[in-house]
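These are my notebook entries from a session with one structure. I went from the overall make-up to the sheet, then to single residues.

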Amino acid sequence: MKTKASKNEVKSSSMLKARLSSNKNSLKDFDEWCLQQFPELSISPTVLDLGCGNGKQLHLFSGKFPPNACFVGMDLSSESLGDLKSSYNSPPKLQLIEGSFDKEGSFETLPTQELDLAYAVYALYYTEDLDSLIKRV
C-alpha cells in the first residue's frame, strides 16, 4: 500500500500535536486501549517505536517494562526528538534515531538487530510503502 504525506507534515511538531489533539474527541480513551493491547514481557526487551514523535507512547509504556529494557524511538523530526529527550527521565533506557523508517538501512543504527517488539501509533500514515516497511521490520 502506497501512502504519501508532505515533508512539512512529517517534520512539524505542531501538526503532530493537532492530530493527537483530535483524538481527544473519540469515544474511547486511546491511551488506555493501547495499554490493554500491550503485552506483558518479563524479559528485558528491546522495543522500537516507529515514528515516536514527542514520545507520548514511550512515556505511557515505560512502566510496563523492567528498568533494564531498551526503548528505541525513531522519528524524522529533530524537533520532536528534542522534546522527547528533554522530557524523558525514567527507565527503561532510551536511544533516539533521527531518520526516515522508509529509507533502506534506516534500522542499521539500532542497538541490536533483534527486536522483541515494534509498534507504531499514528505513524504508519507517513510511510511511502507500508508493505516494504513491515517486511523490513
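**Entry 1: overall make-up.** I noted at the outset that this is a predicted model, and I read every value below as computed from that model. I looked up the secondary structure and found 6 helices and 4 strands in the protein, which follow the pattern α-α-α-β-α-β-α-β-β-α when read along the sequence. I then looked at burial and found that 39% of the 137 residues count as buried. For the accessible surface I took down a value of about 8,000 Å², of which 51% belongs to carbon and sulfur atoms. Among the contacts with a separation of 6 or more, residues 24 or more positions apart account for 71%.

**Entry 2: the sheet.** In what order do the strands of the open sheet run? I found the order S3-S2-S1-S4 for the 4 strands, with parallel pairing. The edge strands are S3 (93-98) and S4 (117-119), each of which pairs on one side only. I also noted the twist: neighbouring strands of this sheet are turned by 15° against each other on average, with direction ignored.

**Entry 3: the pairings of S1.** I followed S1 (residues 46-50) to its partners and found that S1 pairs with S2 (residues 70-75) in the parallel sense over 5 bridges, with Thr46 standing opposite Cys70 in S2. S1 also pairs with S4 in the parallel sense, here over 3 bridges, and Leu117 in S4 is the bridge partner of Val47.

**Entry 4: the burial of S1.** Is S1 enclosed or open to the outside? I wrote down that S1 is largely enclosed by the rest of the structure, because 5 of its 5 residues are buried. In a regular strand the side chains alternate between the two faces of the sheet, and I therefore looked at each face in turn. On one side Thr46, Leu48 and Leu50 are buried, and on the other side Val47 and Asp49 are buried, so that both faces of S1 are covered. From S1 the chain crosses through helix H4 (residues 56-61) to S2, and I recorded this β-α-β crossover as right-handed.

**Entry 5: the helix over S2 and S3.** I looked up helix H5 (residues 78-87) and found that H5 lies across S2 and S3, running at about 170° to S3.

**Entry 6: two backbone details.** Most residues other than glycine have a negative phi, and most peptide bonds are trans, so I looked for departures from both habits. The peptide bond from Pro91 to Pro92 is cis, with omega near 0°, and Pro92 is found in the loop between H5 and S3. Tyr122 has a positive phi of about 65° although it is not a glycine. I placed Tyr122 in the loop between S4 and helix H6 (130-136), and Tyr122 counts as partly exposed because its relative accessibility is 32%.

**Entry 7: cysteines.** How many disulfides does the model have? With sulfur atoms required to lie within 2.5 Å of each other, I arrived at a count of 0 disulfides. I also looked up the accessibility of two cysteines, with buried taken as under 20% relative accessible area. Cys52 counts as buried because its relative accessibility is 4%, and Cys70, with a relative accessible area of 9%, is buried too.

Note on methods:
Residues numbered from 1 in each chain as written. Predicted model: local features only at pLDDT ≥ 70, side-chain atom pairs only at ≥ 80, totals over all residues. Heavy atoms only, no water. Buried < 20%, exposed > 50% of the residue type's maximum accessible area, 1.4 Å probe, protein only. Pairing = 2+ DSSP bridges. Helix = DSSP H or I, 4+ residues; strand = E, 2+ residues; numbered from the N terminus. Axes fitted to C-alpha atoms, helices over the stretch in contact; angles between N-to-C directions. Contact = heavy atoms within 4.5 Å. Right-handed = clockwise from strand over helix to strand, strands pointing away. Areas by Shrake-Rupley, 256 points an atom, 1.4 Å probe, with all protein chains shown as cover.
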